[in-house]
Amino acid sequence: VVAFTRVEAATQGLVRHPWSFAAALVVVVGACRVPVAGSLERFEYERPAMGTLFRVLLYAPDRTRADAAAEAAFGRVADLDAELSDFDSQSELSRLSALSSLHAPTEPVRVGEDLWRVLAAAQAWSEHTDGAFDVTVGPFVRLWRQARTAGELPDAERIEAARRSVGWRFVELDPAARTVRLLARDMRLDLGGIAKGDALDEALATLRAHGVERALVIGGGDMASSGPPPGRAGWRVEIEALGNERPEPASLELAHAALATSGDTYRHLDLDGVRYSHIVDPRTGIGLTEPIQVSVLATGSRYGPGSGASGATADAMATAISVMGVERGLELASRLGVEARIVVLEHGQPRARTTPGFARRYVER
Ligand code: ADP
Ligand code: MG
């Protein structure tokens, strides 16, 4: 019998930080610290990045190697944050967006490998989701951020004005030249629905380059893993219940896979009794108003050309399915071969719907 200890009830520390935008958080449970075969030891690290807390759990032969690997992984995440952030006006992403305020269409701009990879994946997801996933929603997201600060809804006129700058087909990619053209004025690209997942993938790749093959990387409520802890089938993880800071009484084992959860447990705007999510329906420009929590489990990178590895896939899909809702969301998940669990409130009670594969793996403790 293998003994388990809860490593951390992740919710507390996180949500109190002003920079934390974590959605539904996931609590991680792992094997306890017993000596393991091949004398691998377990190490844990955490570092703020991308507006949330990143954590790395890994197995390594000794602390020196573990520290070096974790440091490199956090470095990679910090670099991605600097390139892909829409908060930082000097990021490569923001500088690209800013070109469209001068004139549109912009000239073709050659972008770095990271921005290219994430934009290409984002566009693939827009295509797959019929525009439910759309990284051009920046102008809408900005209105909602302002609304949250001001405590009042954005007026219809401003939503209409923003709409002219939103549309995934306004991003034109030329794979041969690795250039991007923005076709509308005043566009604001926002990779908030996919960059964290990509960062998880890249952090795992960095760990692997440092010889670490068994790791779990967590960013807010999203996580991705390489190999499982020694002697285990996977990293045991839990999903936090919708509208409730307690984990659900079930868990799943994660190995060579990613799990992302979208749900506006913490980041939302309450006005006149309506809760507006930070996820925006690109067709309406309005933050989602139906409480919904979507977890997506993705394995490998078999989701079509350019759609990214499993972390990016899970992250983007969780956001997209939140917009698409239960029926279309489940249909999309099975069409693309990912597992999904969607929780909505019915008469105030959470009701979960899952793909069969998710149900099989998500079992009561
Ligand atoms: P979290 O960042 O809390 O894990 P998500 O992964 O669901 O949540 O991403 C939400 C973020 O994605 C928003 O804060 C915004 O930056 C961006 N976003 C909002 N609506 C959309 C959309 N329809 N498609 C793509 N990205 C979106
Ligand atoms: Mg997402």
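In the predicted model, residues 1-25 have a pLDDT under 50 throughout. For this segment the model nevertheless has 69 contacts beyond four places in sequence. Over the protein, pLDDT averages 87, and 85% of the residues score at least 70.

The magnesium ion (ligand 2) takes its protein donors from two residues, Asp315 and Thr319. Asp315 provides its O and OD atoms, while Thr319 provides OG1; the donors lie 2.0 to 2.4 Å from the ion. Both residues belong to helix α8 (residues 310-324). Because they are four residues apart in that helix, about one helical turn separates them. Asp315 has a relative accessible area of 4% and is therefore buried. Thr319, at 14% relative accessibility, also counts as buried, the threshold being under 20%.

The second largest pocket has a volume of about 390 Å³. Its lining comprises 22 residues, of which Pro139, Arg142, Asp186, Met187 and Arg188 are the closest to the centre. By residue class, the lining of this pocket consists of nine nonpolar, seven polar and six charged residues. Three helices, α3 (92-99), α5 (138-150) and α6 (156-163), each contribute at least two residues to the lining.

Helix α3, one of the elements that line the second largest pocket, has the buried residues Glu92, Leu93, Ser94, Leu96 and Ser97. The cover over these buried residues includes two helices, α2 (63-84) and α4 (113-128). Strands β5 (109-110) and β7 (179-182) are also among the elements that cover them. The loop between α3 and β5 holds Pro105. The peptide bond that joins Ala104 to Pro105 is cis, with omega at about -5 degrees.

Two residues that are not glycines have a positive phi. Arg178, with phi of about 50 degrees, is one of these residues. Arg178 is located in the loop between β6 (171-174) and β7, and its relative accessible area of 22% makes it partly exposed. For His256, phi is likewise positive, at about 50 degrees. His256 lies in the loop between β11 (247-254) and β12 (257-263). With a relative accessible area of 48%, His256 is partly exposed; the exposed class begins over 50%.

Arg214 is a further loop residue, placed between α7 (195-209) and β8 (215-219). Its relative accessibility is 28%, so Arg214 counts as partly exposed. When residues up to four places away in sequence are not counted, Arg214 touches Leu40, Leu57, Leu58 and Tyr59, among others. Its contacts also include Ser226, Gly227, Pro228, Pro229, Pro230 and Trp235. Trp235 stands 21 residues from Arg214 along the chain, and the C-alpha atoms of Arg214 and Trp235 are separated by 9.5 Å.

Conventions: Residues are numbered from 1 along each chain as its sequence is written. Chains are lettered from A and ligands numbered from 1 in the order in which they are written. This is a predicted model: local features need pLDDT of at least 70, side-chain atom pairs count only at pLDDT 80 or more; totals for chains, interfaces and linings use all residues. Side-chain values use heavy atoms; hydrogens and water are left out. On a 1 Å grid over the protein atoms alone, a cavity is a set of points where a 1.4 Å probe fits but cannot get out, and a pocket is an open set with protein on both sides within 12 Å along at least five of seven lines; lining residues have an atom within 4 Å of a point. Grid points are joined across faces, edges and corners, and a volume is the space filled by probe spheres set on the points. Ala, Val, Leu, Ile, Met, Phe, Trp, Tyr, Cys and Pro count as nonpolar, Asp, Glu, Lys and Arg as charged, and the others, Gly among them, as polar. pLDDT is the predictor's confidence in each residue, from 0 to 100. Contact means heavy atoms within 4.5 Å. Donors are N, O and S atoms within 2.8 Å of the metal (3.2 Å for Na, K and Ca); water is not among the atoms, so sites may look incomplete. Buried means under 20% relative accessible area, exposed over 50%, partly exposed in between (1.4 Å probe, protein chains only).
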